[in-house]
Amino acid sequence: MKIRIVLAAVIATTCLTGVALADTSSKKIALSNNYAGNSWRQAMLKSWGTVTSKAVADKVVADASAFTTAENQATEQAAQIQNLILQGYDAIVINAASPTALNGAVKEACDAGVTVVSFDGIVTEPCAWRVAVDFQKMGAIQVDYLAERFPDGGNLLEIRGLAGVFVDDEIHKGIEEGVKKHPKFKIVSSVHGDWAQEVAQKAVAGVLPTLPPIKAVVTQGGDGYGAAQAFKGAGREVPIIIMGNRQDELLWWKDQKEASGYETMSVSIAPGVGTLAFWVAQQILDGKQVPKDLIVPFLSVEQNNLEERLKQTEKGGVTNVEYSLNDAQAVIAGTK
């Protein structure tokens, strides 16, 4: 797949002559996930299951179970982490409800000798590892793209993600930075879409009657199709909407492109980043020296590769890439 080009380039320059593992076959790695209410999280869980079930079958590790809290509450996830410590897991991979509110539970895990690797929604506790994309850049490049399309600027509607989550805060900061860089643009309204198209559609529909003409919608992922439906339902011209690699919005974009030449871009973190975090945890348990912060590339879809990316994206899913042990080793080596 072409979306693996960046990693492939790194792997090509990294000496990976074989898989020399210590015995991690008795080790148990758990996934602590705070939320599963959108297509990205569902794809993330599916990728985790696909990759880790093979790792268990191959006796790389003994267990790689996934646990998702019923509500997106840091207190509930903290309790979940404490339970995983008691259950004897050697490593816990976390997609966190908060960058700070879980730090106490994470520190408890570290003090108990448990390796903690956070990804996507990362934690700030120093004892943990972090695997993420540059979310601020992911927000800023949206405004850069719009500035190229519309040099005279215009009004922007911002759709944010889950309130209080690291990813939401960082992408929002990037969008704000982009507007400062391109001051002809103005954010006239900001709503939370929770990275879910139904929530985004309702939120956008609620503010549209009060808004001036909108040049474009900046987003975080999982909200583009909902935004388009809200504008259509309000009888307003659909502006340029930045998409987030979800199949429903890519399909909508393709239909609009064919009908009228509609042009936009799409960007998101791959749901399979959780599988990279799994292999990072395995490598730490294997005794490898791993930097605390690992940055991976985000995935983008452009006007000229939309159809190809859409073919790679399953119905109801998200454009994705799943990571291998070699990928993890290459990312680790490239960060040192």
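How many residues of domain 1 are in contact with how many residues of domain 2? The legends below refer to a predicted model, and the first view addresses this point.

**View 1. Interface between domain 1 and domain 2.** Contact across the boundary involves 23 residues of domain 1 and 20 residues of domain 2. Domain 1 is assembled from the segments 2-133, 270-299 and 316-335, whereas domain 2 spans 135-268. A distance of 29 Å separates the C-alpha centres of the two domains. Together, domain 1 and domain 2 bury about 1600 Å², and 57% of this area lies on carbon and sulfur atoms.

**View 2. Contact of helix H3 with helix H4.** Helix H3 covers residues 74-86 and helix H4 residues 103-111; their axes come within 9 Å and cross at roughly 10°. Because angles under 35 degrees count as roughly parallel, H3 is described as roughly parallel to H4. On the H3 side, the contact is formed by Ala78, Ile81, Gln82 and Ile85; H4 contributes Ala105, Glu108 and Ala109. By class, these residues comprise five nonpolar, one polar and one charged.

**View 3. Open sheet of four strands, S7-S6-S8-S9.** The strands pair in the parallel sense. Strand S7 (185-192) and strand S9 (240-241) form the edges, each pairing on one side only. Two bridges link strand S8 (residues 216-218) to S9 in parallel pairing, and valine 217 stands opposite isoleucine 241 of S9.

**View 4. Helix H6 across the strands S6, S7 and S8.** Helix H6, residues 166-181, lies across these three strands. Relative to S6 (154-160), helix H6 runs at about 170°.

Technical notes: Residues numbered from 1 in each chain as written. Predicted model: local features only at pLDDT ≥ 70, side-chain atom pairs only at ≥ 80, totals over all residues. Heavy atoms only, no water. Axes fitted to C-alpha atoms, helices over the stretch in contact; angles between N-to-C directions. Parallel < 35°, antiparallel > 145°, perpendicular 65-115°, else oblique. Contact = heavy atoms within 4.5 Å. Nonpolar A, V, L, I, M, F, W, Y, C, P; charged D, E, K, R; others polar. Pairing = 2+ DSSP bridges. Domains from an automatic or database assignment. Buried area = accessible area lost by both parts, 1.4 Å probe.
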